[in-house]
Amino acid sequence: MTDAAHTTTARACWVTGPSRAEIRTEDLPPLPEGQVRVRCLHSGVSRGTETLVFRGQVPASEAQRMRAPFQAGEFPAPVKYGYVAVGVVEAGPAQLLGRAVFCLHPHQTLFQVPAEAVTPLPPGVPPARAVLAANLETAINALWDAAPRLGDRIAVVGGGTLGLLVAWLAARLPGTEVQVVDPVAGRAAIAQALGAGFALPQDARPEADLVVHASGQPAGLATALQLAGFEATVLELSWYGTRPVALPLGEAFHARRLTLRSSQVGQVATAQRARWSHARRLALALSLLTDPVLDALITHHAPFDELPRVLARLAGGDTETLCQRIDYPT
């Protein structure tokens with residue numbers, strides 16, 4: 001058990017410049033009253049947001065909104081960023097000692113946060129799978145924004161981790177027909193395991209009642225608009241940072257009276273906001289992670305010391321990785 005009354009050394013990953021990262025050492029002070037000290041077991045890399053941070057593509061106008069909880073430094077760099085950490089409480093309130101917890105914290109071997117900032121994992125959720133919690137919370141919020149109906153034909157354009165989690169949730173609605181649309185044919189088996197169909201973009205089914213776009217690519221959003229039926233909604237989950245996006249808003253966009261709507265996890269969806277806190281939404285996401293089928297989404301794992309190289313690989317056009325898990329020394 002770590003002695004909470006003494007200074008402890010931790011190691012953390014920092015983005016130090018455009019497409020550069022390094023592991024730095026820092027000292028944690030004696031643990032303050034009301035805080036917990038967590039030894040990290042696993043963290044997850046958010047493919048969309050974290051690669052934009054790594055490349056230095058956070059717009060100056062969004063620098064404050066894009067701050068992660070417990071972030072250190074400022075955009076573009078140096079900055080300690082990340083928000084998917086799973087660990088074990090080593091010191092703090094007695095009711096949390098030894099508990100496996102989830103926390104929105106940057107990639108770091110050992111960290112200290114207020115006790116209310118950690119959420120214990122529910123029974124049946126292994127720590128290695130809990131790295132999906134942040135993406136699943138985003139998928140839940142997206143479907144709250146999208147408001148799918150029973151029996152809808154739903155297209156999910158973009159078969160990354162987020163898109164596949166949206167498809168998994170949507171496919172559990174009675175009568176829905178969910179199709180994941182992605183140019184990587186190898187995603188078909190995972191989509192089918194999650195209860196959804198699959199199609200390459202050129203083969204996708206048109207006239208969808210709802211289209212959710214999560215590819216992170218402008219071409220994917222153009223495909224989403226093409227697949228939407230009359231007066232359908234296209235829900236945009238991708239965030240492009242400083243990249244401009246050109247859209248085909250001519251042709252039949254107006255004649256079909258399409259709705260293009262954004263969704264972002266920083267705010268609880270409008271329809272739920274009066275009753276749901278961020279903590280309640282996160283607890284829901286964690287409770288849904290008991291299904292072992294979701295392990296198929298964690299396609300790659302690497303030790304913590306390799307994280308700078310992992311970020312470079314993910315930002316360099318990698319198309320094979322879904323969820324990237326980082327494993328910490330025990």
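This passage describes the overall form of a predicted model and then a selection of its local features.

The secondary structure of the chain amounts to seven helices and 17 strands. Its radius of gyration is 20 Å, close to the 20 Å that the globule rule gives for 330 residues, so the chain is as compact as a globular protein of that length. The C-alpha trace spans about 65 × 40 × 40 Å along its principal axes. Of the 330 residues in the chain, 51% are buried, and among the contacts with a separation of 6 or more, 66% are made by residues 24 or more positions apart. The accessible surface comes to about 14300 Å², with carbon and sulfur atoms contributing 54% of that area. Charged side chains number 28 positive and 28 negative, and the centres of these two sets lie 2 Å apart.

Two of the helices were examined for their degree of burial. In helix H3 (residues 161-170), ten of the ten residues are buried, so this helix is largely enclosed by the rest of the structure. The buried residues of H3 include Trp168 as well as Leu162, Leu164, Leu165 and Leu169, and the buried residues of this helix pack against helix H2 (133-146), helix H4 (188-193) and the strands E10, E11 and E13. Helix H5 (residues 218-227) is mostly covered, seven of its ten residues being buried; these are Gly220, Leu221, Ala222, Thr223, Ala224, Leu225 and Leu227. The cover over the buried residues of H5 includes strand E10 (153-157), strand E11 (177-181) and strand E13 (208-213), together with strand E14 (228-236) and strand E15 (259-262). Strands E10, E11 and E13 thus appear both in the packing around H3 and in the cover of H5.

No disulfide was found in a search of the whole structure. For cysteine 13, the closest cysteine sulfur is that of cysteine 40, at 12 Å, which is too far for a bond; cysteine 13 is itself buried, with a relative accessible area of 4%. The closest cysteine sulfur to that of cysteine 103 also belongs to cysteine 40, and the distance of 9.1 Å is again too far for a bond. Cysteine 103 likewise counts as buried, at 1% relative accessibility.

Several loop positions carry features of the backbone or of burial. The loop between strand E4 (72-73) and strand E5 (79-80) contains proline 76, and the peptide bond leading to this residue from phenylalanine 75 is cis, with omega near 5°. Proline 78 is placed in the loop between E4 and E5 as well, and a cis peptide bond, with omega about -5°, joins it to alanine 77. Serine 46, in the loop between strand E3 (35-45) and helix H1 (47-54), is buried, with a relative accessible area of 10%. When its neighbours within four places in sequence are left aside, serine 46 is in contact with Thr51 and Tyr83.

Positive phi values occur at two residues other than glycine that differ in their setting. Serine 19, with phi near 60°, is placed in the loop between strand E1 (8-17) and strand E2 (20-28), and is partly exposed, with a relative accessible area of 44%. Glutamate 231, with phi near 55°, is found in strand E14, and counts as partly exposed at 43% relative accessibility.

Notes
Residues are numbered from 1 along each chain as its sequence is written. This is a predicted model: local features need pLDDT of at least 70, side-chain atom pairs count only at pLDDT 80 or more; totals for chains, interfaces and linings use all residues. Side-chain values use heavy atoms; hydrogens and water are left out. Helices (H or I, at least four residues) and strands (E, at least two) are DSSP runs, numbered from the N terminus. The radius of gyration is taken over C-alpha atoms; the globule rule is 2.2 Å times the number of residues to the power 0.38. Buried means under 20% relative accessible area, exposed over 50%, partly exposed in between (1.4 Å probe, protein chains only). Contact means heavy atoms within 4.5 Å. Accessible areas come from the Shrake-Rupley method with a 1.4 Å probe; for residues, only the protein chains shown count as cover. Lys and Arg count as positive and Asp and Glu as negative; His and the chain ends are not counted. The place of a charge is taken as NZ of Lys, CZ of Arg, CG of Asp or CD of Glu. A disulfide is a pair of cysteine sulfur atoms within 2.5 Å.
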